[in-house]
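Biologist: Could you walk me through how to read a model like this one? I'd like the general idea each time, then the case at hand.

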Amino acid sequence: MKKTDEQLAEQAKATFDASVDRLDAATLSRLNRGRQAALDEIGRRDRDWMRWMPAAGVAAAVVLAVFTMRGPAEVDVMTAPATDLEILLSEESIEMLEELEFYSWLDTEDLEGDGDLG
Amino acid sequence: MTADALVFAVSCTAKPTGARVLQKERQLGEFLAEVERRALRIAEIAVRDRDEALDLVQDAMIKLARNYGGRNSEEWPPLFYRILQNGVRDWHRRQAVRNRVMVWFQKAKPEDSDYDHIAAAPDPNGRAPDEELQNSEAMQDMELAVHELPVRQREAFMLRTFEGLDVAATAVAMGCSQGSVKTHYSRAVHTLRDKLGEHWQ
């Protein structure tokens with residue numbers, strides 16, 4: 001009886017697998033070295049890319065510094081969100097705002113007093 | 001966008017590059033370790049020289065890592081075998097040119113019969129000597145028969161049968177249509193059945 005295609009393929013596969021299992025230690029060692037060389041290659045490729053990271057970081061820092069330094073010279077205290085938050089969280093600041101007219105008068109008095117002293 | 005918001009956005013979108021690279025390396029290492037021995041035997045059957053086969057497999061591994069290391073791991077098997085098959089074809093082309101040059105200078109190339117299959121596959125895995133001999137003889141018969149197949153039939157048969165790639169992946173590896181893979185495979189099996197005969201084991 002002739003073998004079917006499937007039987008032949010199965011038998012060929014089994015024979016092939018047996019030959020794979022019989023590979024000697026020296027050959028396996030060479031395969032291992034080849035694999036390590038390949039893995040070094042992927043690491044090298046990424047290291048090459050990452051070599052530009054410091055330069056990119058410096059460039060980003062410069063851009064951020066320029067943005068920061070060129071920000072608005074006068075910050076509108078009453079509308080800046082961060083300042084609003086600080087005011088809301090600080091009881092002292094609220095008190096100060098409630099008595100803003102008093103502090104303003106006090107400032108004026110101090111200046112006049114300094115003038116008297118001078 | 002304020003500077004603080006910009007920094008926050010960058011820090012949120014940046015991927016952990018080092019960890020990703022290590023994970024890819026680990027995945028690729030596992031894939032290569034899983035596939036390398038079968039790939040070596042497939043290349044060896046195609047070129048009938050273990051040292052040349054080792055070089056071809058190493059070259060394929062390096063090219064895969066260099067060019068496709070960042071791809072999804074599911075894509076690696078057909079890509080790897082495509083690189084390997086291209087390497088084998090280039091090797092055969094170089095051999096053909098070399099043989100022509102050798103004939104021109106009347107220098108005979110060593111015969112294929114010098115290839116010692118048993119010496120090429122030593123280190124038995126605890127099998128009985130008679131079983132080992134039987135397997136070696138069966139492998140020699142099959143190896144010779146597969147080697148003598150036309151190139152495309154040999155590629156289709158080895159990738160489908162030995163490596164277990166499906167038709168679609170084999171088509172990618174061979175760079176042809178799925179219909180061609182089926183045709184080449186069918187013809188290969190038919191030829192092998194005729195060559196190896198009913199009593200091959």
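Modeller: Start with burial, chain by chain. In chain A, 12% of the 118 residues are buried. Keep in mind that this is a predicted model.

Biologist: What does the secondary structure of chain A come to?

Modeller: Six helices and zero strands. Along the sequence, chain A reads α-α-α-α-α-α.

Biologist: And how many helices and strands are there in chain B?

Modeller: Chain B has nine helices and zero strands, giving the pattern α-α-α-α-α-α-α-α-α along the sequence. Of its 201 residues, 34% count as buried. For contacts in chain B between residues at least 6 apart in sequence, 61% join residues at least 24 apart.

Biologist: Back to chain A for a moment. How do I check a single helix, say α3 of chain A, residues 53-69?

Modeller: Compare the expected span with the one in the model. At 1.5 Å a residue, the 17 residues of α3(A) should span 24 Å, and the end C-alpha atoms are 24 Å apart, which agrees. Then look at burial: the number of buried residues among those 17 is zero, so α3(A) lies largely in the open.

Biologist: How should I describe two helices that pack together?

Modeller: Two packed helices are described by the angle between their axes and the distance between the axes. Take α8 and α9 of chain B: their axes are 8 Å apart and the packing angle is about 95 degrees. Angles of 65 to 115 degrees count as roughly perpendicular, so α8(B) is roughly perpendicular to α9(B).

Biologist: Which residues of α8(B) and α9(B) make the contact?

Modeller: From α8(B) you have B:V167, B:A168, B:T170, B:A171 and B:M174, and from α9(B) there are B:Q178, B:V181 and B:K182. Sorted by class, that contact has five nonpolar, two polar and one charged residues.

Biologist: Which residues in α8(B) are buried?

Modeller: B:A169, B:T170, B:A171, B:A173 and B:M174. The buried residues of α8(B) pack against α4 (76-104), α7 and α9 of chain B. Right after the helix, look at the backbone too: α8(B) is followed by B:G175, which has a positive phi, near 70 degrees.

Biologist: You mentioned α7. At what angle do the axes of α7(B) and α8(B) cross?

Modeller: Roughly 135 degrees, for α7 (residues 151-162) and α8 (residues 167-174) of chain B, and the axes come within 10 Å. That angle makes α7(B) oblique to α8(B). As for handedness, α7(B) passes α8(B) in a right-handed crossing. On the α7(B) side the contact uses B:E155, B:A156, B:L159 and B:R160, while α8(B) brings B:T170, B:A173 and B:M174. Those residues divide into four nonpolar, one polar and two charged.

Biologist: Now across the chains: how far apart are the axes of α1 of chain A and α9 of chain B?

Modeller: The axes are 10 Å apart, and α1 (residues 5-21) of chain A packs on α9 (residues 178-196) of chain B at an angle of about 80 degrees. That makes α1(A) roughly perpendicular to α9(B). The residues involved are A:D5, A:L8 and A:A9 from α1(A), with B:V189, B:L192 and B:R193 from α9(B). By class, this contact has four nonpolar, no polar and two charged residues.

Biologist: Let's zoom in on single residues. Does B:A43 count as buried or exposed?

Modeller: Count the neighbours: 20 or more other C-beta atoms within 10 Å makes a residue buried. B:A43 has 26 C-beta neighbours inside 10 Å, so it counts as buried. B:A43 sits in helix α2 of chain B. Leaving out residues up to four places away in sequence, B:A43 touches B:A53, B:L56, B:V57, B:L84 and B:V88. One of those, B:L56, is 13 residues from B:A43 in sequence, with a C-alpha to C-alpha separation of 7.3 Å.

Biologist: And where does B:R48 lie?

Modeller: In the loop between α2 (17-47) and α3 (50-68) of chain B. B:R48 has 17 C-beta neighbours inside 10 Å, so it counts as partly exposed. Check its backbone as well: B:R48 is not a glycine, yet its phi is positive, about 60 degrees.

Definitions and conventions. Residues numbered from 1 in each chain as written. Chains lettered and ligands numbered in written order. Predicted model: local features only at pLDDT ≥ 70, side-chain atom pairs only at ≥ 80, totals over all residues. Axes fitted to C-alpha atoms, helices over the stretch in contact; angles between N-to-C directions. Helix = DSSP H or I, 4+ residues; strand = E, 2+ residues; numbered from the N terminus. Parallel < 35°, antiparallel > 145°, perpendicular 65-115°, else oblique. Contact = placed C-beta atoms within 7 Å. Nonpolar A, V, L, I, M, F, W, Y, C, P; charged D, E, K, R; others polar. Left-handed = near helix turned anticlockwise from the far one by under 90°. Expected span 1.5 Å × (residues − 1).
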